[in-house]
Amino acid sequence: MGIISAIGNSVCENLEALLASKSGISSLSSLQTHHANSIKVGEVNLTNTQLSDVLNLPKNNAFTRTALLGLHAAKQALLNANITDVNAYKTGFISSTSVGGMDKTEMHIKEYCSNKEAQKYINSHHAGDSTQKMADAIGITGFVTTISTACSSAANAIMLGARLIKAGTLDRVIVGGVDPLSKFTINGFKTLMILSDSNCRPFDANRTGLNLGEAAAYLVLESQEIVDKENKKVLGYLAGYGNANDAFHQTASSQNGEGAYLAMQDALKKGHLVPSDISYINAHGTATANNDITESIAIRRVFGNTVPDFSSTKAFTGHTLAAAGAIEAVYAVLALQENVIFPNLNFKTPIATTHLHPVTTVKRKEIHNVLSNSFGFGGNCSTLIFSK
Amino acid sequence: MKACYIHSAVSISAQNTFETDLNLSESNPITSKKANANHPQYKTYIAPGALRRMATGVKMGVTAGKKALEKANITNPDAILTGTGMGCIEDTENFLNALIANDEAYLTPTSFIQSTHNTVGAQIALALQCNAYNNTYVHGALSFESALLDGQLLIKNDDSRSVLVGGIDELGKEFIDYTLLVEDKKHGVQVPFSEGASFFVLSSEKQEKAIQLNDIKTFSNITEQEVPTVLNEFLAENNYKPKDIDAVICGNNGSVYDSYYSKARAIFPITTSQLHYKHLFGEYFTASAMALYLGVYILKNQQIYDTLIIGDNSKNSIKTILLYNQFNGRDHSFILLSL
């Protein structure tokens, strides 16, 4: 796995911050916006120039921040999986993003006719561009695609990867997602009045909205055949996955959390697991009024009165939109490896109707199965279950 | 592993494809650099309140999707899959321009909400109250193919019985002009840029005269020289030889990259009909969904309009069709259909 987020530029740095309860949420510095003083964000601490240099890209490259963050994480994932020849097996690449090349589009759109230098970003606007650049840079020429289902995107990328391996279409697939911060999304979420002016408080009765974050994470999925043949160390298994649509509203989730409920049920069913098998839920927990109550209700519907230990890690990274499912997949695998539950920061008071208390300090215990939720606009709900 | 059949195909395009299925006897000349779709009466399919908020792509997608389900007699599919290259570019432009013009003030959420790439899939799910698997692919010229591949996988391996799959792209108002601005005048795309939505119902059920989606394979990158090898391998994997293919539909758009199609066409004997379509339907990231619609129409009706044929040889009986598309020499897709 590879990751870059507000709490670190590698898996190691992310783990250290999680164990130290060290949040990456801060004031905005990388973008010019009038909202800078009224929001908090999770920023990656490397500029585009620094990322380009680390990645050894030519000076005149047309990489958007999306492609830069993505490639940084994808390269780490390959290194971590000990892959030297990417084409030794049938290898695919599935990325996901919600903003695509918007970070450059919003900067240059009104000068595309006059500024020749900026024109290189015209064809990098579409959401597949960052994926193509990453695939080219790591040498994958076969199956490559991009998913965009808002904030559940990366979970769906991971799911598709697993299904393609299961079907024998691929032997190995790099899956994940990326989203940089952009004025477009900051203003969009601002109009929906769901951005908090302070550090977000997932599952707290007095939560005030979400913090946006930027990040990228990729995981290498491999078939059992490769594992056996190369005697590879397995970090974890994707045991179950579920995808359902809430079919309620373009942005709000239904009162009874139907989509979330169905996604969790489906994942348990596909994983041949029962609710009591789950050791830890890494919740979607964005800290918006709507998400946290409906997710709580859905969790209650699935788990009844014996809700497993759960937390949202959004107070560490911010809500990283399309990348969130991959970021939290990395955290789920870390939880399995380290036998630890990462804390839900900034929680004080439970929501009155559901009475759910997340884990608020680092908790050590044997972890067997981690359930990870990702829900998005358009009613797109996805659940992944990672197992030892 | 189950076989995957296509039970319905519906398309909204720059030509007459929607109201009475394909009718190219009087094709609309598309001569400008941008060709809008021949839009149907959307109010027949979408409630006025919802219609007002919808951008072109959402209207096209929801309408084509609904009609595809109707034609296949499906009320609630087991999955809704969409592909779109540029996504909801109209609403993206609207929100971005409002943001720039008002310097981040006085913005309303509507166009932002509807600018997310999964809007069409979401709106179809909402209209049908369909909680099933729902996914959206946004990978340039492989957006539709990725959705189709997922759909085929659901039918073949994951026990879905019926899957709605579609490709949608709208022209938009501004970004398309920047695309045209950087398109090489001499070597670039020569057909107009256009828009459309094509939807299909995939099914595991074999009906009489069923059209089978035998296989689909995509490649991010192959060289021109590799095309014959890759294509022969694809056919062989499906137990076909070039001589078994009755018609080949390629995405020629007049650019220098048409040379890839020439390499592909060259492996087939003279008895294989050679077809093209983008001179009538234009180029857009999900134009290949239009080609699948044509493939289904030809197999079903055993009729090929002359305007689609390159050369003059046309077979009497069409049982197997290969589709090949790529864009600027990358994002290659091969689709095999049979009757």
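Welcome to this structure, starting with a small detail: in chain A, strands E2(A) and E3 (residues 41-42) run antiparallel and are joined by 2 bridges. Please keep in mind that this is a predicted model. From that little pairing we move on to a helix and a loop of chain A, then to the place where chain B meets chain A, and finally to a strand inside chain B.

**A small sheet in chain A**

- Within the pairing of E2(A) and E3(A), Ser26(A) has Val41(A) as its bridge partner.
- The sheet around this pair is open and has 3 strands, in the order E2-E3-E7 of chain A, with mixed pairing.
- Strand E2 (25-26) and E7 of chain A are at the edges with a single partner strand each, so each has one side without a neighbour in the sheet.

**A covered helix in chain A**

- Helix H7 (residues 183-191) of chain A has 7 of its 9 residues buried, so to speak of it as mostly covered is fair.
- The buried residues of H7(A) are Phe184(A), Thr185(A), Ile186(A), Asn187(A), Gly188(A), Phe189(A) and Thr191(A).
- Both chains help to cover these residues: the cover includes helix H4 (102-108) and strand E7 (212-213) of chain A, along with H3 and H4 of chain B.
- Just after H7(A) comes Met193(A), which has a positive phi of about 55°.

**A buried asparagine in a loop**

- Where is Asn61(A) found? Its place is the loop between helix H2 (48-54) and helix H3 (65-80) of chain A.
- Asn61(A) has a relative accessibility of 11%, and because buried means under 20%, Asn61(A) counts as buried.
- Leaving aside residues up to four places away in sequence, Asn61(A) touches Ser52(A), Lys120(A) and Tyr121(A).
- With Ser52(A), Asn61(A) makes a side-chain polar contact of 3.4 Å.

**Where chain B meets chain A**

- On the chain B side 58 residues are in contact with chain A, and on the chain A side 61 residues take part.
- About 5,000 Å² of area is buried between the two chains, and carbon and sulfur atoms give 61% of it.
- Of the area that chain B buries against chain A, 13% is supplied by Glu104(B), Phe112(B) and Asn131(B), more than by any other three residues.
- The interface holds 3 salt bridges and 30 residue pairs in polar contact.
- One salt bridge links Asp150(B) with Arg163(A), whose closest N and O atoms are 2.7 Å apart.
- Elements giving two or more residues to the chain B side include helix H3 (89-101), helix H6 (143-157) and strand E13 (330-338) of chain B.
- H3(B) gives the largest share of that side, 7 residues.
- By type, the chain B side divides into 28 nonpolar, 23 polar and 7 charged residues.

**An enclosed strand in chain B**

- Strand E7 (residues 196-203) of chain B is largely enclosed by the rest of the structure, because 8 of its 8 residues are buried.
- In a regular strand, side chains alternate between the two faces of the sheet.
- Gly196(B), Ser198(B), Phe200(B) and Leu202(B) are buried on one side of E7(B), and Ala197(B), Phe199(B), Val201(B) and Ser203(B) are buried on the other.
- Strand E1 (residues 5-12) of chain B runs antiparallel to E7(B), joined by 7 bridges, and Ile6(B) stands opposite Leu202(B).
- Strand E5 (residues 162-169) of chain B is also antiparallel to E7(B), joined by 8 bridges, and Ile168(B) stands opposite Ala197(B).

Key. Residues are numbered from 1 along each chain as its sequence is written. Chains are lettered from A and ligands numbered from 1 in the order in which they are written. This is a predicted model: local features need pLDDT of at least 70, side-chain atom pairs count only at pLDDT 80 or more; totals for chains, interfaces and linings use all residues. Side-chain values use heavy atoms; hydrogens and water are left out. Contact means heavy atoms within 4.5 Å. Buried area is the accessible area (1.4 Å probe) that two parts lose on being put together, summed over both. A salt bridge is a side-chain nitrogen of Lys or Arg within 4 Å of a carboxyl oxygen of Asp or Glu. A polar contact is a pair of N or O atoms within 3.5 Å; within protein, one must be able to donate a hydrogen and the other to accept it, and residues adjacent in sequence count only if both atoms are side-chain atoms. Helices (H or I, at least four residues) and strands (E, at least two) are DSSP runs, numbered from the N terminus. Ala, Val, Leu, Ile, Met, Phe, Trp, Tyr, Cys and Pro count as nonpolar, Asp, Glu, Lys and Arg as charged, and the others, Gly among them, as polar. Buried means under 20% relative accessible area, exposed over 50%, partly exposed in between (1.4 Å probe, protein chains only). Two strands pair if DSSP finds at least two bridges between them.
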